[in-house]
Structures are given as C-alpha cells and as structure tokens.
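Reader: I would like to go through the labels given to this protein and hear the reasoning behind each of them.

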Amino acid sequence: QTNLIINSDGRMTTSLNGSWQIIIDPYESGYYNFRYQPRSDGYFKNYRPASKSELVEYAFDDSQTLRVPGDWNSQNEMLFYYEGTIWYKKSFDYDLKENRRLFVYFGAANYHAIVYLNGKKLGEHIGGFTPFCFEITNLIKAQDNFLILKVDNRRHREGVPTSNTDWWNYGGITRRVNLIETPSTYICDYKIQIENNSTPQIKGWILLDGANKEQTVRLSIKEASVSQEITTNSDGYGAFSISAAMLELWSPEKPFLNKVEIKAETDRIEDRIGFRTITTQGDQILLNGKPVFLRGISVHEEPLGREGRAYSVEDAIKIFDQVKELGCNFVRLAHYPHNEFMLQQADRMGIMVWAEIPVYWTILWENQNTYDNAQTQLWEMITRDKNRASVIIWSVANETPRGDARMKFLTRLITKAREMDDSRLISAATEITHKDGYNVIDDPLIEHMDVIGVNEYHGWYGGKPADTPNIKWKSVYNKPLIMTEFGGGAKYGHHGSKEERWTEEYQEYLYQQQLKMLSQIPYLRGMSPWILKDFRSPRRLLPEIQDFWNRKGLLSENGERKKAFFVMQNFYQSMSLKD
Ligand code: GCU
C-alpha cells in the first residue's frame, strides 16, 4: 500500500463507480486449488478458454453484476445473509501520458480485499471502513485493463471488529472507487490546523511524493490573508507556522470553510478547511475558547429510506438534515469511520463529530495482529479526516470489558492517536460500575482520555423508567462527560401504555425520565442518545417487532418520527435557547 492519498475530490479523478461483473465464490475456489493452496491461475487472471475444448470453470463476461459503491446484501436478496467471498471485475481503458502517475483509490471494502490489475496482485486491505489505494502507473495499458477484487466479509474472532457486533455485516465494495492521476511528483498529504492557543496561528505540514521532492510550495488562504512560501526537504516534507490574525473561525453557528490552495512547482490542490480550537478546561469542553454543550445523536452508516450501507452525498444530506431538525450540533458516527461525504457534510453544516474505530466489545487484546489492524485503521481514519474541522473527538473503543491486556492495547492506541494529532480530544465509550446505589464513572482508561464517554441504558437494560430520575452519579475524574449512549426500543406506529415494552409511549417516557436524570449531572457536557434511526442487526430477532432491526431509533428505518424524537427535539431546542 502506498501513501494514503487524501482529498481525492480535489484531484484529477476518473470514477470507476457503476456496474461491476461479479462471481459469488463461497468456497474461494477462485483463490485456492482443491488442496487448499493459493492458485496461480485464480479468477484474478480473468482467463478465457483458448478453444472450445479447453476446460475453464468460471467466467466474468456474461456473469451477473453488482453496483459499486454498494453493499451486496441489499442489492440481491440471495445475498442478504451472505458472508464469504465475491469477486468483482471492472474493465477500462486509460491513456496515461509521460511523467504522469496513476493510482486506484477505494473509499472502503468490507472486510478483506485483495486487489489485482491485469492479473497482477497490487496488494490487500483489511478493515471495512477506511480507504486504501495502490499505484498502477507501471501496470496500466491504453486499452482493456481489468481490475479485479476478491472481497471477503467473513467475520473473524481476531478481527477489528471481532466476530460479534450489533450491526449488520454488509459486505462488498461499499464506497466509491476512483482512478487518481497525478504529476510525477505530487502533493500526497498535508495537515493544516489552527494552534489550540490564543493567538490565531495556522500550523501544519505538506508532504510531496515523487522524484523531485525539494520544491518551493505556496500555501494560500485568501479569506485569511495568508500567502506563505514553504520549502520541502529531501523527504518532500515541509512544516509551517503562520500567524493569521484575520482568520474567521468555524463553529456550529457559523461553519466557515476557507478555500485553501497548495501550489507546488509540479502540483496544485485545493481544499475547503474550517479552523477552530477544541480543548477542555476542568470538566468543561471549550470550542474556540468558549464552553459548549454537545447536543448530539448517534448514527450508524445506513441511509434513510433505503436498505444497506449509506455511501453517497445524497445519503449524507438526508441524514444530516434529520440531525439538524433534531436540534443537534454534534453527532457520534458509530462505531467505525463513516464515508467521506458524511464528514464533508458535517463540515458544511457545522455539526461536530465523534469519530470512532471499530474496537468494539470483546476484541482479542493479546493478539499482536489484532493490535496492528486496529492501529492501521486508526492511522487511516486520522490520515483521511485530520483536516475536517467538524471532527473534534477521536474515539478508540466502544464498551470494551476492563482488564490489563485491554488497558495496554487501548493506551497504546491513544498514544498513537496523540502522536498523529495532538489537536483533538481523545475518548472512548466506557461502562460504569454500580456501587452503594451510585452509577460510578471509574474506568481506569479514562485517565488517558480528555473527555469521558459513557454508555448507560437505565430503563431499558435494567431498572424501570419510573426510577431513572433517582439514579445518582459519581465520577472519580474531573473531566467532561459525554453520555455516548442511552435509549430504548420502540416499533414505529405501535402504541399502548408507557409501561408496555416496544410502544412509542414506553420509549417516549424512558427518554423523559433519562433527561431528568441527566440534567442533574453537573459535569455532563454532551450526549449522543442511541440512535437516530432503526438499523439492521443480526442480534435483534423478536418477530413482528424487530425482525433483524434494532428498534432504538428515534426514527423508523423509513425516517418516520417516533414520539421520543420530539422529546429530544424539545430538550435541545430549550437548551439552545439558553445558549
Ligand atoms: C450497546 C452498543 C451498541 C448497541 C446498543 C444496543 O451499547 O454500543 O452498538 O447497538 O448498545 O444494545 O442497542
């Protein structure tokens, strides 16, 4: 895998989205021979019989197709439950001129992808929610290139996530595929941020990749009257720190995005970047130096009104319109990095983001490969989104059982996150303990975090909504608390008494009672109730009510508002009036 190219939208790209030919291969016969050894003549060769008498037991040419981007589960009901390998093939021509380079870029593929071009293996990627790319400059032909992927969405105990999750295991090339053409030495990566201190100072670095690494680069931010020359060294790296007194800051009220131009001698790129500071002071969260309350909601990466994985700009706009309608200034993009359009939309609409890698529940903490996998996904998430003003929190875990191996694993990840980006807050969603009638926030991991994330379900997984307001909380830390999950299930349109499970009235009452309890916690600085919309889960089986849907949404899977939606909307509206 080469460097991970960022900001593909700012580059010369050719989309490979659309209809790809596929072969469903449950026994991986396109990869292993009958002795279960890797084949040299696998499906990635796209071999066609030389004569009518030759035996070949596969063909892409007249096979069925799948749309890319898009999970396979929701495109073909035969694949709704499918966990295994599907081969994808796309043919294309490309005229690459002298002194130009070409990369193939994948927004994501779940879970394990092996990529081949013209029969040659480019590489592999593990992890279903982060981008990856490979250079194909020396392999591309003017005509009839064939790009083939083996995508295997089987779950693994040693995986990240592990084999048990509360979300659907959507497989496939789930996000966009682009060819990216660049000059022979190009602007590969950059970080442009504002210092988290008083005087507005823009700092960061630029990285060139190619033969001609030492260049004079000009960074221009017109609206901030910044125009600065940067010289890159023999590694192609150039750092800068520029005073920017005129800088207009990014905030939920005014999500101002600067047009940023990076002009090297051999390449030029534009990006839209917001500048804001995010810090904590005692148990307060400060945005641009002022205390802020995060009025949030949790979101899985599913579209409104359609089955499957969300992947498009339209999906992102529909989701964020509902987030805005709810009265939010914050969103928890659970439990994995979402597609880039979600982050771009959050930047544009002024919604702060909790971003998370899928280190979820019972990860194999002692397995080195598992750690390397988690760290790679963290690196890919931060590399991709480090210039997005909306992202204020990197989360390294969700509801992970306490223990020494888990502490070692997660503190190593936190150290890595801080090394990569010391400008954002670090957190994780943790569990509480119950002592002497208190809900106690005492996970030792919190020592290493800037803000506390806690998931609690009083009134749903234990306790009665009637008793919720009497619950008392205690925190052993003087840090801001975000209640990263609370809530309960209801089937839209199912009505009855507020004591009856699965009615909208039960969920509505639970939310009213939860908010009474939460309002009593003085160091509570944010919340992201679970969850915006009902979502698919293999663990939710109650016939007529769940049928493989987790029903904790404030919206049904079709975007219909349950009564609890209005409880949260009123709460946030009354709160923002106080701001
Ligand atoms: C857990 C978990 C979620 C899950 C939710 C639930 O807290 O973090 O991923 O969906 O509870 O049980 O519905």
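Reader: Why is aspartate 189 called buried?

Author: The model is a predicted one. Buried means under 20% relative accessible area, and aspartate 189 has 9%, so aspartate 189 counts as buried.

Reader: What makes the contact of aspartate 189 with lysine 386 a salt bridge?

Author: The cut-off is a Lys or Arg side-chain nitrogen within 4 Å of a carboxyl oxygen of Asp or Glu. In this pair the closest N and O atoms are 2.7 Å apart, so the contact qualifies. The pair links distant parts of the chain: aspartate 189 is in strand 11 (residues 186-194), and lysine 386 is in the loop between helix 3 (368-385) and strand 25 (391-398), 197 residues apart. Lysine 386 has a relative accessible area of 3%, so lysine 386 is buried. The structure holds 45 salt bridges.

Reader: How do you know that glutamate 505 and lysine 563 form a salt bridge?

Author: Their N to O value is 3.1 Å, and the limit is within 4 Å. Glutamate 505 lies in helix 5 (residues 504-518) and lysine 563 in helix 6 (residues 563-578), so the salt bridge ties together parts that are 58 residues apart in sequence.

Reader: Are these two residues, glutamate 505 and lysine 563, buried or partly exposed?

Author: Glutamate 505, with a relative accessible area of 13%, is buried. Lysine 563 has 29%; partly exposed covers the values between under 20% and over 50%, so lysine 563 is partly exposed.

Reader: Which side chains meet in a salt bridge with an N to O value of 2.7 Å, with both residues buried?

Author: Those of aspartate 421 and arginine 424 meet at 2.7 Å, and both residues are buried.

Reader: What makes Lys222, Lys259, Arg272 and Arg348 a positive surface patch?

Author: Lys and Arg count as positive. A patch takes residues with over 30% relative accessible area and no salt bridge, like charges being joined within 9 Å. Arginine 348 has a relative accessible area of 44%, so arginine 348 passes the area condition while being partly exposed. Arginine 348 lies in helix 2 (residues 340-349).

Reader: Where does lysine 259 point in strand 16?

Author: Along strand 16 (residues 258-263) the side chains alternate. Asn258, Val260 and Ile262 point to one face and are buried, whereas Lys259, Glu261 and Lys263 point to the other and are not. Lysine 259 stands opposite arginine 272 in strand 17.

Reader: How do you know that strand 16 pairs with strand 17?

Author: Pairing needs at least two bridges. Strand 16 and strand 17 (residues 268-273) have six, in the antiparallel sense, so they count as paired. A hairpin of four residues joins strand 16 to strand 17. Strand 16 also pairs with strand 13 (residues 216-221), in the antiparallel sense over four bridges.

Reader: Why are strand 21 and strand 22 called edge strands?

Author: The open sheet has nine strands in the order 21-32-31-29-26-25-24-23-22, with parallel pairing. Strand 21 (294-295) and strand 22 (298-299) each pair on one side only.

Reader: What makes the peptide bond between valine 68 and proline 69 worth a note?

Author: That bond is cis, with omega about 0°. Proline 69 is in the loop between strand 3 (65-68) and strand 4 (85-92). The bond from alanine 334 to histidine 335 is cis as well, with omega near -25°.

Notes
Residues are numbered from 1 along each chain as its sequence is written. This is a predicted model: local features need pLDDT of at least 70, side-chain atom pairs count only at pLDDT 80 or more; totals for chains, interfaces and linings use all residues. Side-chain values use heavy atoms; hydrogens and water are left out. Helices (H or I, at least four residues) and strands (E, at least two) are DSSP runs, numbered from the N terminus. Buried means under 20% relative accessible area, exposed over 50%, partly exposed in between (1.4 Å probe, protein chains only).
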